[in-house]
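Subject: Structure for your review

Dear colleague,

Please find below the structure that I am handing over to you. My notes on what was found in it follow.

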Amino acid sequence: MQNEEYLKKENREMQIKKCIEENYADNQLSVTKIADQFGIHSVYLTKVFKNAFDIGVLEYILKVRFREAKKLLVETELKIEEIAEKVGFTSIHTFSRAFKNNMKMSLGEYRKKYRKQGENG
(Lines give C-alpha, C1' and ligand atoms only; values in the text may rest on other atoms or scores of the structure.)
Protein backbone atom coordinates (compact mmCIF):
# COMPACT_ATOMS: atom_id res chain seq x y z
CA MET A 1 0.00 0.00 0.00
CA GLN A 2 2.84 2.36 0.80
CA ASN A 3 4.36 1.86 -2.64
CA GLU A 4 1.03 2.65 -4.32
CA GLU A 5 0.75 5.87 -2.32
CA TYR A 6 4.31 6.80 -3.25
CA LEU A 7 3.58 6.18 -6.93
CA LYS A 8 0.43 8.30 -6.74
CA LYS A 9 2.40 11.18 -5.20
CA GLU A 10 5.23 10.82 -7.71
CA ASN A 11 2.73 10.64 -10.55
CA ARG A 12 0.96 13.78 -9.29
CA GLU A 13 4.26 15.65 -9.13
CA MET A 14 5.03 14.64 -12.71
CA GLN A 15 1.51 15.68 -13.72
CA ILE A 16 2.09 19.10 -12.16
CA LYS A 17 5.36 19.42 -14.07
CA LYS A 18 3.61 18.36 -17.27
CA CYS A 19 0.85 20.90 -16.60
CA ILE A 20 3.48 23.67 -16.44
CA GLU A 21 5.18 22.39 -19.60
CA GLU A 22 1.87 22.42 -21.46
CA ASN A 23 0.54 25.73 -20.10
CA TYR A 24 3.60 27.98 -19.73
CA ALA A 25 2.21 30.31 -22.43
CA ASP A 26 -0.84 31.08 -20.29
CA ASN A 27 -0.12 34.49 -18.79
CA GLN A 28 -2.53 33.64 -15.96
CA LEU A 29 -0.56 30.53 -14.94
CA SER A 30 0.11 30.67 -11.21
CA VAL A 31 0.69 28.44 -8.21
CA THR A 32 -2.92 29.01 -7.15
CA LYS A 33 -4.30 28.14 -10.58
CA ILE A 34 -2.26 24.94 -10.74
CA ALA A 35 -3.17 23.99 -7.15
CA ASP A 36 -6.85 24.52 -7.91
CA GLN A 37 -6.55 22.33 -11.00
CA PHE A 38 -5.13 19.49 -8.89
CA GLY A 39 -7.45 20.07 -5.93
CA ILE A 40 -4.66 20.82 -3.46
CA HIS A 41 -3.64 23.87 -1.43
CA SER A 42 -1.08 26.19 -3.03
CA VAL A 43 1.27 25.95 -0.03
CA TYR A 44 1.20 22.16 -0.26
CA LEU A 45 1.80 22.29 -4.02
CA THR A 46 4.82 24.54 -3.51
CA LYS A 47 6.30 22.23 -0.87
CA VAL A 48 5.70 19.01 -2.82
CA PHE A 49 7.09 20.43 -6.06
CA LYS A 50 10.20 21.83 -4.39
CA ASN A 51 10.84 18.52 -2.60
CA ALA A 52 10.41 16.53 -5.81
CA PHE A 53 12.38 18.71 -8.22
CA ASP A 54 14.56 20.94 -6.04
CA ILE A 55 13.15 24.04 -7.74
CA GLY A 56 10.22 26.26 -6.85
CA VAL A 57 7.05 26.26 -8.95
CA LEU A 58 7.41 29.88 -10.06
CA GLU A 59 11.10 29.34 -10.76
CA TYR A 60 10.21 26.35 -12.91
CA ILE A 61 7.55 28.27 -14.80
CA LEU A 62 10.14 30.95 -15.60
CA LYS A 63 12.71 28.31 -16.55
CA VAL A 64 10.30 26.78 -19.07
CA ARG A 65 9.31 30.21 -20.41
CA PHE A 66 12.94 31.22 -20.89
CA ARG A 67 13.79 27.89 -22.53
CA GLU A 68 11.02 28.43 -25.05
CA ALA A 69 11.90 32.10 -25.52
CA LYS A 70 15.52 31.19 -26.30
CA LYS A 71 14.35 28.75 -28.98
CA LEU A 72 12.10 31.37 -30.54
CA LEU A 73 14.82 34.02 -30.43
CA VAL A 74 17.27 31.83 -32.31
CA GLU A 75 14.99 29.84 -34.59
CA THR A 76 12.45 32.47 -35.69
CA GLU A 77 12.19 36.02 -36.93
CA LEU A 78 9.39 36.82 -34.45
CA LYS A 79 9.46 40.25 -32.84
CA ILE A 80 10.33 40.41 -29.15
CA GLU A 81 6.74 41.44 -28.36
CA GLU A 82 5.42 38.33 -30.11
CA ILE A 83 7.86 36.08 -28.28
CA ALA A 84 6.91 37.63 -24.95
CA GLU A 85 3.26 36.88 -25.61
CA LYS A 86 3.95 33.33 -26.83
CA VAL A 87 5.83 32.45 -23.63
CA GLY A 88 3.32 33.90 -21.18
CA PHE A 89 4.40 37.46 -20.49
CA THR A 90 1.89 40.29 -20.71
CA SER A 91 4.51 43.04 -20.68
CA ILE A 92 7.56 43.26 -22.91
CA HIS A 93 9.28 45.30 -20.19
CA THR A 94 8.77 42.57 -17.58
CA PHE A 95 9.88 39.92 -20.08
CA SER A 96 12.96 41.87 -21.09
CA ARG A 97 13.99 42.64 -17.50
CA ALA A 98 13.40 39.06 -16.32
CA PHE A 99 15.29 37.60 -19.29
CA LYS A 100 18.25 39.91 -18.73
CA ASN A 101 18.36 39.12 -15.00
CA ASN A 102 18.26 35.41 -15.75
CA MET A 103 20.52 35.18 -18.81
CA LYS A 104 22.87 38.08 -18.01
CA MET A 105 22.33 39.53 -21.49
CA SER A 106 19.53 41.29 -23.31
CA LEU A 107 17.11 39.56 -25.64
CA GLY A 108 18.75 41.19 -28.64
CA GLU A 109 22.23 40.22 -27.51
CA TYR A 110 21.11 36.62 -26.98
CA ARG A 111 19.49 36.44 -30.41
CA LYS A 112 22.55 37.90 -32.12
CA LYS A 113 25.09 35.74 -30.26
CA TYR A 114 23.34 32.38 -30.60
CA ARG A 115 21.97 32.88 -34.09
CA LYS A 116 25.54 33.53 -35.29
CA GLN A 117 26.83 30.46 -33.43
CA GLY A 118 24.17 28.34 -35.11
CA GLU A 119 25.26 29.60 -38.53
CA ASN A 120 28.93 28.94 -37.82
CA GLY A 121 28.82 25.65 -36.11
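Of the 121 residues of the protein, 31% count as buried. Please bear in mind that this is a predicted model. The surface that the protein exposes amounts to about 8,200 Å², and carbon and sulfur atoms supply 48% of it.

As to secondary structure, the protein has seven helices and zero strands, so that the order from the N terminus reads α-α-α-α-α-α-α. When contacts between residues at least 6 apart in sequence are considered, 54% join residues at least 24 apart.

Two helices deserve a description of their own.

Helix α4 covers residues 57–75. Its 19 residues should span 27 Å at 1.5 Å a residue, and this agrees with its end C-alpha atoms, which are 27 Å apart. The buried residues of α4 are Val57, Tyr60, Ile61, Val64, Arg65, Phe66, Glu68, Ala69, Leu72 and Leu73. Arg65 and Glu68 thus appear in the buried set of α4, and Arg65 returns below in connection with an aromatic ring.

Helix α6 covers residues 92–103. Here the twelve residues should span 16 Å at 1.5 Å a residue, and the end C-alpha atoms are 16 Å apart, in agreement. Phe95, Ala98 and Phe99 are buried in α6. Seen down the helix axis, the buried residues of α6 fall within an arc of 100 degrees, so they line one face of the helix. His93, Arg97 and Asn101, on the other side of α6, are exposed.

The aromatic residues form a further topic. A search of the whole structure finds eight aromatic pairs. One of them joins Phe89 and Phe95: the ring centres are 5.0 Å apart, with 45 degrees between the planes, and the pair is tilted. It counts as tilted because the angle is neither under 30 degrees, as for stacked rings, nor over 60, as for edge-to-face ones. Both partners are buried: Phe89 has a relative accessible area of 10%, and Phe95 has a relative accessibility of 0%. These values count as buried because the cut-off is under 20%.

Phe89 and Phe95 also belong to one aromatic cluster, together with Phe66, Phe99, Tyr110 and Tyr114. Phe66 is among the buried residues of α4, while Phe95 and Phe99 are among those of α6. In addition, Arg65 lies over the face of Phe89, at 5.7 Å from the ring centre.

With kind regards

Technical notes:
Residues numbered from 1 in each chain as written. Predicted model: local features only at pLDDT ≥ 70, side-chain atom pairs only at ≥ 80, totals over all residues. Heavy atoms only, no water. Helix = DSSP H or I, 4+ residues; strand = E, 2+ residues; numbered from the N terminus. Buried < 20%, exposed > 50% of the residue type's maximum accessible area, 1.4 Å probe, protein only. Contact = heavy atoms within 4.5 Å. Areas by Shrake-Rupley, 256 points an atom, 1.4 Å probe, with all protein chains shown as cover. Expected span 1.5 Å × (residues − 1). Phe/Tyr/Trp six-rings, centres within 6.5 Å; stacked < 30°, edge-to-face > 60°. Lys NZ or Arg CZ within 6 Å of the ring centre and 35° of its normal. Arc of directions from axis to C-beta.
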